[in-house]
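Subject: Structure handover

Hi,

Here is the structure I promised to pass on. Please open it alongside this message.

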Amino acid sequence: MSRPNDAPLRLGTRGSQLARWQADWVADRLRQLGQAVDIIEIRTRGDAQQTGPISAIVDGDAPATGGQGVFTKELQRSLLDGDIDLAVHSLKDLPTTPVAGLAVAAIPERAPLADVLVSAVATTIDGLPPRARVGTGSFRRRAQLLSRRPDLVIGDLRGNLDTRLRKLDDGEHDAILLAEAGLTRLGWTDRLAGRIPPSELLPAPGQGALGIECRTDDAVTIAALRPLDDFATHAAVTAERAALARLEGGCLAALGAWGRWEATTLRLSVVVLSDDGAKRLDAETAGPCADVPAAVALGEAVADDLLARGAASLLRAR
Ligand SMILES: NCc1[nH]cc(CCC(=O)O)c1CC(=O)O
């Protein structure tokens, strides 16, 4: 597919407020570099179906993967069909399974990656009252919350950010957990009751980072995206996602991962839990990662350590 060098890049995004914010952010960065950009909104099934738990959204193409990719598949289809030239994803919603013909060409600098507590009754997990009702739709958050506080009563929670905040305000939950990145991008920082240290609750692989995907044969778009890539972020999230891929966790796993730089060393912590949080396996390793393949190796090494200690039985218990 050949396109003129000066044609506007067609940037595809979901229609949610957060997705629009992220698309605008990427478009602005490209425009600052002199690149014309058109934003094209694409409705996905993850957005259309907002009742019931995320895990219940049946994936017609690949039933075995459950709800994976509900937010990203239509954008990938539009890329392959040539309807758009780049897609902006929340990296944590993007399955690790490679799609033939597509590649994540740029991963810009990461936003704050922690989860935060939104609540009128507590600012920390340990400060929640006994048997407090905490809302989250994430297996990762639920299992780690229960691992630390088995008394908590976890209720399902999904929908866009404003929906989730409304359910908290309506009294369905005493507290909810959200990604700091999403909350602050939408300007809701005043709702942040407390930041949960990643050491206390590991974030999702890729949380807080954007993945910009395009066709592997589209040299024009790949070149335009290159200046948006941040190597430190790219390596950190690559290590997190390599661990996830090796553990076959998908986006619904009770699995957390945290890659961070300590001077010139990349440190990666990964946790795998049973759904009820009663069993957990933690692993950590660090190494100098001079390039992306080294980050992949780091992630796979942590995953292999976990697998050798029985992680597969926790992930398959669902
Ligand atoms: N699964 C939904 C989702 N996907 C990305 C974000 C926030 C932005 C990010 O973490 O990159 C959120 C909301 C949340 O988990 O609170």
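My notes on the domains, the ligand shell and the strands follow.

First, a caution: this is a predicted model.

Domains. The domain assignment splits the chain into domain 1 (1-108 + 209-229), domain 2 (115-196) and domain 3 (230-318). Between the C-alpha centres of domain 2 and domain 3 there are 24 Å. Contacts between these two involve 8 residues of domain 2 and 12 residues of domain 3. On the domain 2 side, the touching residues are 5 nonpolar, 2 polar and 1 charged.

Ligand shell. Which residues surround the ligand? They are S90, K92, D93, L178, A179, A181, G182, Q207 and G208. By class, the shell has 3 nonpolar, 4 polar and 2 charged residues. Domain 1 and domain 2 each give at least three residues to the shell. Two elements to look at here are β8 (175-179) and α6 (180-185): each contributes at least two shell residues.

The five-stranded sheet. This sheet is open, with 5 strands in the order β7-β6-β8-β5-β9 and mixed pairing. The edge strands are β7 (153-155) and β9 (194-196). Each has a single partner strand, so one side of each has no neighbour in the sheet. On average, neighbouring strands are turned by 30° against each other, direction ignored.

Inside the sheet, β5 (residues 115-119) pairs with β8 in the antiparallel sense, over 5 bridges. D115 sits opposite A179 of β8. A179 is also one of the residues around the ligand.

Two helices pack on this sheet. Helix α4 (residues 139-148) touches β5, β6 (133-135), β7 and β8. The direction of α4 makes about 170° with that of β7. Helix α5 (residues 161-169) touches β5, β6 and β8. For α5, the angle is about 160°, taken against the direction of β8.

The hairpin. Strands β11 (residues 255-262) and β12 (residues 265-273) run antiparallel and are joined by 8 bridges. G259 has L268 in β12 as its bridge partner. The hairpin has 2 residues between the strands. What phi does A263 take in this hairpin? A263 has a positive phi near 55°.

If you have little time, begin with the ligand shell, then follow β8 into the sheet, where β8 pairs with β5.

Best wishes

Notes:
Residues are numbered from 1 along each chain as its sequence is written. This is a predicted model: local features need pLDDT of at least 70, side-chain atom pairs count only at pLDDT 80 or more; totals for chains, interfaces and linings use all residues. A residue is near a molecule or strand if its C-beta atom, placed from the backbone, lies within 6 Å of it. Helices (H or I, at least four residues) and strands (E, at least two) are DSSP runs, numbered from the N terminus. Ala, Val, Leu, Ile, Met, Phe, Trp, Tyr, Cys and Pro count as nonpolar, Asp, Glu, Lys and Arg as charged, and the others, Gly among them, as polar. Domain bounds come from an automatic or database domain assignment. Two residues are in contact if their C-beta atoms, placed from the backbone, lie within 7 Å. Two strands pair if DSSP finds at least two bridges between them. Axes are lines fitted to C-alpha atoms, for helices over the stretch in contact, and angles run from 0 to 180 degrees between N-to-C directions.
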